[in-house]
Every structure is written in structure tokens, then in C-alpha cells.
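Work through the exercises below with the coordinates open. Each task is followed by a stepwise solution.

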Amino acid sequence: MDLTRFGRSFGGHTGIMDLMDDMGRALAADRPVHMLGGGNPARIPAMETVWRRRMEEILARPGEYESMVGNYDRPQGRERFGDAFALYLRDRYGWDLGPENIAVTNGSQTAMFLLINMFSEEGRRILLPILPEYIGYADQGIAEESFVACRPRIEQRDAHSFKYRLDLDAVEAALVAAETGRADPIGAILISRPTNPSGNVVTDAELHRLDVLAERFSVPLIVDNAYGVPFPHIIFDEIVEGDVRPLWNDRIILGMSLSKIGLPGVRTGIVIASPEIITALSRANAILSLANGTVGQYLVEPLLRDGTIGRLAEEAITPFYRERAAFARETMGAAFGDAVPWAIHRLEGSIFLWLWLPDLPVPTKELYRRLKERGVIVVPGEYFFFGDTTDWAHSRQCLRINYGREPESIEAGFTIIAEEVRALWRR
Ligand code: PLP
């Protein structure tokens with residue numbers, strides 16, 4: 001098969017596809033598997049009840065189900081949904097926006113694909129201001145080299161806890177290098193907040209300074225808010241520094257998703273941006289898929305209109321993950337003790353726990369392979385450091401763990417991880 005470069009990069013082998021296949025095979029194996037690897041949100045009974053009730057309401061209202069499944073949507077997304085979304089954000093944050101600032105996509109993953117390629121091409125890159133960053137962006141660029149990234153500063157909090165800090169000097173230096181022709185031009189800055197995989201929540205002050213840099217260098221700032229506020233609100237306010245308010249202005253492109261409120265299967269992403277960007281995304285939607293899936297928009301619209309979506313997130317989703325996060329931290333401490341060096345990133349938000357194993361005698365890809373043999377699936381950290389071509393030992397010393405899984409899997413899985421790490425140190 002003689003594929004083009006596009007065909008090879010999107011239909012061929014990527015590290016991530018190999019990893020996903022590998023995880024799939026491990027799951028199909030005939031033995032218990034502790035699946036702490038993927039990005040599936042937890043099944044939260046209170047939220048499942050809400051979505052079931054909403055579907056029953058749709059079915060009970062004459063013609064509503066038929067409208068939901070029987071029409072192609074506008075490429076921008078349903079008018080009523082965009083209207084409700086804009087009103088909700090206006091009310092809650094006082095932002096000056098309307099339905100012309102809202103586009104729906106088939107999942108926020110698709111939104112990020114479109115945005116990454118609208119702002120990068122051969123010789124023009126997306127700047128990731130802080131590594132590690134979401135594995136799901138890594139292969140999205142059509143260009144050969146789509147990203148350039150800045151390392152964070154590592155702040156050790158105590159023996160077993162640390163936090164990544166945005167290195168704004170490094171970000172500024174990267175923008176200056178691009179502007180003065182010493183490096184490829186920068187098309188946009190992109191950050192996930194809360195960050196997948198680290199659980200970091202860049203502070204409001206840091207985000208403002210990033211926005212100031214974006215303005216100074218005239219580049220858009222894309223903020224991927226898949227875990228943020230107002231929903232799903234997988235942010236632990238008592239742990240983050242200061243308030244966490246979403247920031248928006250007509251230079252910021254804010255990505256949101258219905259996935260982490262319990263609806264990953266409906267594939268609905270939302271982009272809040274200037275009308276110019278929204279028009280471009282709508283046209284791209286039409287070309288790629290004609291229209292968006294409607295189910296998520298129907299399910300959620302009334303909860304935007306009556307304002308309950310944010311409250312539901314705070315009452316059902318945040319406490320669920322808070323409890324699981326506390327359990328995971330305790331379990332990690334009990335499993336590891338003080339025999340080998342380990343630290344977890346301060347778990348401020350997202351559904352992941354990021355474990356750092358300083359001076360680990362093997363790369364985490366090898367540790368991943370050993371853990372898989374024992375039925376524990378995690379994601380090795382190497383995949384989250386794209387865009388930085390320099391050699392950094394830290395990138396081979398971390399694991400991403402989905403802490404939202406069943407407590408039994410967390411306990412059994414963490415015990416096995418600690419055993420394998422101790423065994424590696426004893427070799
Ligand atoms: N962005 C981040 C940071 C994510 O973690 C994910 C999924 O896990 C996505 C985007 C994509 O989410 P979806 O396409 O389900 O909206």
C-alpha cells in the first residue's frame with residue numbers, strides 16, 4: 001500500500017497506537033488485570049442517574065427523540081445548545097460572549113486536532129509551555145515537527161511530593177527565539193489545565209502571565225479545560241494555590257468536553273473562542289464530518305439553562321474524585337514506604353496520579369513491560385515529553401496512573417508497582 005505521509009502518520013504505526021493495542025491485548029489475557037492505564041472517567045452512580053433520567057425525559061416528549069437522531073446538526077452545533085452554553089458562561093463568569101463564540105465538535109480530541117493544525121504546519125509550531133503534556137496531542141500534527149516544548153521547574157514539596165512550575169522565562173525565551181528567526185515561528189500556545197498527565201493546575205497568576213506573553217507575541221492561547229471548571233470540576237480547591245477561575249478573552253481558545261461528566265460515549269467537545277475561530281472550526285466540521293453528534297447536546301442543554309450543571313459537578317463529581325485521590329495517595333505511601341525514592345505530583349486536579357521514581361535503574365517503558373507481565377497496566381511517562389528533543393532523565397522516571405479505578409485495583413496494583421520498583425533497585 002503506497003500511503004502518503006499523511007496516510008503513514010495517521011494510518012500507520014504510532015507509539016501511542018502500539019501502546020493502546022498492547023493494553024488491549026493485556027486486557028484480553030486470561031487473568032485478572034488492574035487497568036490503571038487508560039483515560040476512561042470513573043462511572044459515578046449519581047451522574048449515571050442524571051443521564052438516564054434525561055434520556056427518559058427525551059423519550060417521553062413527543063418528537064424529541066426523533067429530532068435528536070433524525071437530523072444532521074448545523075456544523076457549528078445546535079443553535080439552542082450554543083445559546084444555552086453562552087448564556088451559562090455569561091451568567092457565571094460575566095464574559096462578553098454569545099452563541100457566535102461557541103462551536104461543538106465530535107469530542108474535544110477533534111477540536112484539538114483541528115486547532116493544532118490550524119496553527120501549525122511545516123516550519124511553524126505549537127508551543128507547549130510546560131511538559132509533561134497530554135499524550136493525545138503528540139501525533140495530531142500533520143506537519144513533521146508540530147511542537148516545541150518547555151521543561152518545567154521542579155519544586156520538591158516534601159520527601160514524597162513535588163510540583164511542576166511553569167518556567168515563564170523559558171516560555172518567553174522560546175517566543176523571542178521564534179520572533180527573531182532563531183527558531184521556527186510559533187503559531188499558538190497550548191496547555192491543558194488541569195494537566196493530563198501530571199494533575200498540575202497552573203495557577204491563575206501563571207495563566208495570566210501566559211496570556212500576557214500570548215498578547216505580546218500576538219499568538220492565540222489554547223487552554224484545554226477538559227477537567228476544569230465549571231464542569232467537570234475535577235479540581236481540588238483545597239489543594240490548588242488560590243482560586244481557579246477559567247480565563248477567557250478573544251485571544252484565548254478554551255476547550256471543554258462532556259466526557260468527564262460521565263458522557264465520553266456521546267463524543268461532544270465545546271470550543272469557546274472568537275467568532276473568526278468558531279467559523280473556521282464550523283467549516284472544518286462540515287468538511288470532516290458534516291455535522292456533530294447531537295445526543296450530548298440534547299442531554300445537557302436543560303442543565304445549562306437551569307444552571308445545575310456546575311452544581312452537579314461540585315456535588316457529585318468533585319467529591320468522588322477527591323475521595324479516590326486521597327485513597328490513592330494513602331495507598332501509595334503504604335505500598336512504597338521509604339525503601340526506594342518516590343514522589344507523586346501534588347494532585348491538584350484531573351483523573352491521574354503522576355508518580356516520579358528518581359534514579360530508577362531502568363526506563364519506565366521497561367517498568368511498564370514488567371508491570372504488564374504482572375497484570376498491572378499503567379502508562380509509561382516517556383510519551384508525555386514530546387516537543388523537547390534534548391535528553392532529560394526525568395522523562396524516563398515517571399508513570400501515569402488513573403486513580404479513579406476501583407479501590408481494590410488501586411490497592412493490588414500499587415502493591416505490585418512498589419514490589420517491582422523495589423526489585424529493580426535490588427538488582
Ligand atoms: N484533552 C485532555 C487533556 C484529555 O485528557 C482528553 C481525554 O482524556 C481530551 C482532551 C479528549 O477528550 P474528549 O475527546 O473525550 O472530549
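The exercises cover the ligand site, two asparagines and some backbone geometry.

**Conventions.** This is a predicted model: local features need pLDDT of at least 70, side-chain atom pairs count only at pLDDT 80 or more, and totals for chains, interfaces and linings use all residues. Residues are numbered from 1 along each chain as its sequence is written, and side-chain values use heavy atoms, with hydrogens and water left out.

**Exercise 1.** Find which residues come nearest to the ligand, and list its polar contacts.

*Solution.*
- Step 1. There are 13 residues around the ligand; S108, D224, Y227, S257 and S259 come nearest. Being near takes a heavy atom within 4 Å.
- Step 2. Look at the ligand nitrogen. An N or O atom in the side chain of D224 is 2.6 Å from a nitrogen atom of the ligand. A polar contact is a pair of N or O atoms within 3.5 Å; within protein, one must be able to donate a hydrogen and the other to accept it, and residues adjacent in sequence count only if both atoms are side-chain atoms.
- Step 3. Turn to ligand oxygen. S257 places a polar side-chain atom 2.7 Å from an oxygen atom of the ligand. For N196, the distance from a polar side-chain atom to a ligand oxygen atom is 2.9 Å.

**Exercise 2.** Describe the setting of N101: is this residue buried or exposed, and what does it touch?

*Solution.*
- Step 1. N101 sits in the loop between α5 (79-93) and β2 (102-105). Helices (H or I, at least four residues) and strands (E, at least two) are DSSP runs, numbered from the N terminus.
- Step 2. Its relative accessible area is 5%, so N101 is buried. The classes are buried under 20%, exposed over 50% and partly exposed in between (1.4 Å probe, protein chains only).
- Step 3. Contacts (heavy atoms within 4.5 Å) of N101 include W248, V271 and I278, leaving aside residues up to four places away in sequence.
- Step 4. A polar atom of the N101 side chain lies 2.9 Å from the backbone oxygen of A273.
- Step 5. S274 is 173 residues from N101 in sequence, yet their C-alpha atoms are 5.5 Å apart.

**Exercise 3.** Place N285 and give its accessibility.

*Solution.*
- Step 1. Helix α9 (residues 275-289) holds N285.
- Step 2. N285 is buried, because its relative accessible area is 1%.
- Step 3. Among the residues N285 touches are P75, V104 and L114.

**Exercise 4.** Which peptide bonds are cis, and what is phi at H233?

*Solution.*
- Step 1. L131 and P132 are joined by a cis peptide bond, with omega about 0 degrees.
- Step 2. V229 and P230 are also joined by one, with omega about 5 degrees.
- Step 3. H233 is not glycine, but its phi is positive, near 55 degrees.
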